[in-house]
Amino acid sequence: MNNIKILWADDEIDLLKPHIIFLEKKNCVVTSCLSGTEALELLKEENFDIIFLDENMPGLTGLETLTEIATKKAHIPVVMITKSEEEYIMEEAIGSKIADYLIKPVNPNQILLSIKKNLDYSRLISEKTTSNYQQEFRKIAMDLAMVNTWEEWVTLYQKLIYWEIELESIEDSGMQEILTSQKEEANLQFGKFIDKNYPNWFSNHDAPMLSHELFKNWVVPQLSDSQPTLLIVVDNLRYDQWKAFEPIVANHYKKIEEKPFCSILPTATQYARNAIFSGLMPSEMEKQHPDFWKNDTDEGGKNMHENDFLKVQLKRLRLNIKHEYYKITNLTKGKKLANNFKSCAPNDLTVVVYNFVDMLSHSKTDMNIIQELANDDKAYRSLTLSWFKNSPLLEIIIQAQSLGMKLIITTDHGTINVTKPTKVIGQKNISDNLRYKTGRSMSYEEKDVLVAKDPKTIHLPRLNMNSSFIFAKSDLFFAYPNNFNHYVSYYKNTYQHGGVSLEEMIIPFVVLEPK
């Protein structure tokens with residue numbers, strides 16, 4: 001603590017001389033005065049780092065002085081000191097956003113601690129966070145060398161997310177670069193893990209929960225006759241984005257259960273979300289419901305029949321329940337549902353598919369301003385949080401709480417910021433997604449992709465006898481050799497989905513009860 005400038009207003013300032021001497025020995029510069037009026041005059045002439053304010057002074061009270069300071073110098077932390085323990089004084093002071101509240105008699109160490117909390121807080125937290133991550137870094141590196149099961153990958157990914165969010169508030173680019181390199185290494189290893197294990201999961205009882213079994217095994221057990229359930233599927237929601245707005249939800253709901261599940265491949269809406277609502281893998285959807293299913297090369301919308309799929313699944317599961325389905329694709333639809341949400345009270349199950357995050361990721365590709373606002377994962381989380389706080393979706397959740405609804409929040413797949421191109425060549429009817437391709441006679445870099453030469457082995461439709469699927473690993477995206485540089489510059493550092501990565505495949509399923 002060097003040369004911290006303190007303004008201390010107290011009508012008994014002479015009694016505080018020992019405290020002031022103590023602070024001056026700690027290299028603080030203390031300016032003292034006897035009233036709130038004097039304090040406001042000094043603030044006009046000089047800048048201070050922190051203000052100590054006695055509540056009970058003649059003339060302007062501490063609370064009145066605090067109000068004046070808030071209008072003129074709101075950025076300066078104010079510590080209120082009072083003899084009174086009356087609750088209304090504390091409430092008013094806290095409501096006025098004081099930095100700390102101390103009750104007389106105070107000792108010098110209390111004052112010093114308050115200064116450290118308010119002025120040195122960021123540095124202390126930064127140092128502690130950096131130190132803790134440095135210790136954890138070695139453990140994560142060791143885990144990366146040995147991780148070999150889905151559960152271990154989930155634990156590792158959750159650790160990486162935790163540290164990513166912890167480190168984003170500190171100004172240590174070195175630590176952030178180390179974490180980024182760990183995430184890249186984790187995704188490389190995860191790609192190998194999926195390549196080796198994914199085809200076997202469809203006949204393995206120890207497999208992770210996959211999209212097509214989610215509704216039957218995890219949603220249905222939450223349904224009850226005595227309590228309505230709201231199922232919210234936020235399209236394209238990454239695990240770290242859920243963690244960003246979880247505290248907002250926690251104001252209204254208490255978490256009962258949180259467990260990640262695995263998005264099927266391709267990690268794209270027409271495959272993964274249709275799988276959730278149909279309870280079927282894509283090849284089964286194509287075979288059993290050709291009127292609902294469309295392949296990549298078919299004309300028309302690929303997600304027009306989610307409610308139809310859901311109705312069929314409910315019938316197959318012999319669930320005779322009252323349900324309604326809503327898809328929100330713009331602000332107008334969101335507000336309309338929020339305004340009329342009470343009408344959902346009689347439902348056993350209300351399903352809301354909310355498309356904002358998906359639109360955000362696509363807008364990042366198409367709009368320069370979004371690219372600037374969400375130029376990395378930290379900014380992407382921040383933008384998602386800002387949207388959620390002001391969205392009709394939050395209004396819907398608040399209304400669901402008032403109606404006593406159980407709440408389930410989940411998604412169909414995540415997304416990843418792609419940074420490196422990998423070349424692909426195919427015929428004209430090759431699909432156009434940047435993270436997966438399906439078609440005939442494709443040429444590609446084998447090290448960069450997971451290949452399904454026979455799509456049936458992973459329960460995907462085969463467009464023709466020789467068609468296959470390829471999925472980009474890590475943060476790669478497919479680019480054609482023709483006009484390669486233009487293509488790469490347009491899509492680099494955009495959020496895409498459809499491929500193999502921790503961000504796309506390990507996704508949240510959360511059950512909450514109203515507070």
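This section describes the aromatic pairs, the charges placed over rings and the largest pocket of a predicted model.

Aromatic contacts were counted over the model, giving 25 aromatic pairs. One of them joins Tyr380 and Tyr495 in a stacked arrangement. The ring centres lie 3.9 Å apart, with 15° between the planes. This pair links distant parts of the chain. Tyr380 belongs to helix H17 (residues 377-389), whereas Tyr495 belongs to strand S18 (residues 494-496). The two residues are 115 residues apart. Tyr380 has a relative accessibility of 1% and so counts as buried, the cut-off being under 20%. Tyr495 is likewise buried, with a relative accessible area of 0%.

Ring pairs also build a cluster. Its members are Trp150, Trp153, Phe190, Phe193, Tyr198, Trp201 and Phe202.

Lysine side chains were found over aromatic faces. The charged end of Lys423 sits over the ring of Phe484, 4.9 Å from its centre. Lys5 lies over the face of Phe48, at 6.0 Å from the ring centre.

The largest pocket holds about 560 Å³ of space. Its lining comprises 21 residues. Glu164, Thr180, Lys183, Asp376 and Asp377 are the closest of these to the pocket centre. Helix H7 (150-167), helix H8 (173-197), H17 and strand S11 (416-418) each supply at least two lining residues. H8 gives the largest share, seven residues. By class, 12 lining residues are charged, six are polar and three are nonpolar. Helix H17 thus appears in two settings: it carries Tyr380 of the stacked pair, and it contributes to the lining of the largest pocket.

Technical notes
Residues numbered from 1 in each chain as written. Predicted model: local features only at pLDDT ≥ 70, side-chain atom pairs only at ≥ 80, totals over all residues. Heavy atoms only, no water. Phe/Tyr/Trp six-rings, centres within 6.5 Å; stacked < 30°, edge-to-face > 60°. Helix = DSSP H or I, 4+ residues; strand = E, 2+ residues; numbered from the N terminus. Buried < 20%, exposed > 50% of the residue type's maximum accessible area, 1.4 Å probe, protein only. Lys NZ or Arg CZ within 6 Å of the ring centre and 35° of its normal. 1 Å grid on protein atoms, 1.4 Å probe; cavity = no way out; pocket = protein on both sides within 12 Å on 5 of 7 lines; lining within 4 Å. Points joined across faces, edges and corners; volume = space filled by probe spheres on them. Nonpolar A, V, L, I, M, F, W, Y, C, P; charged D, E, K, R; others polar.
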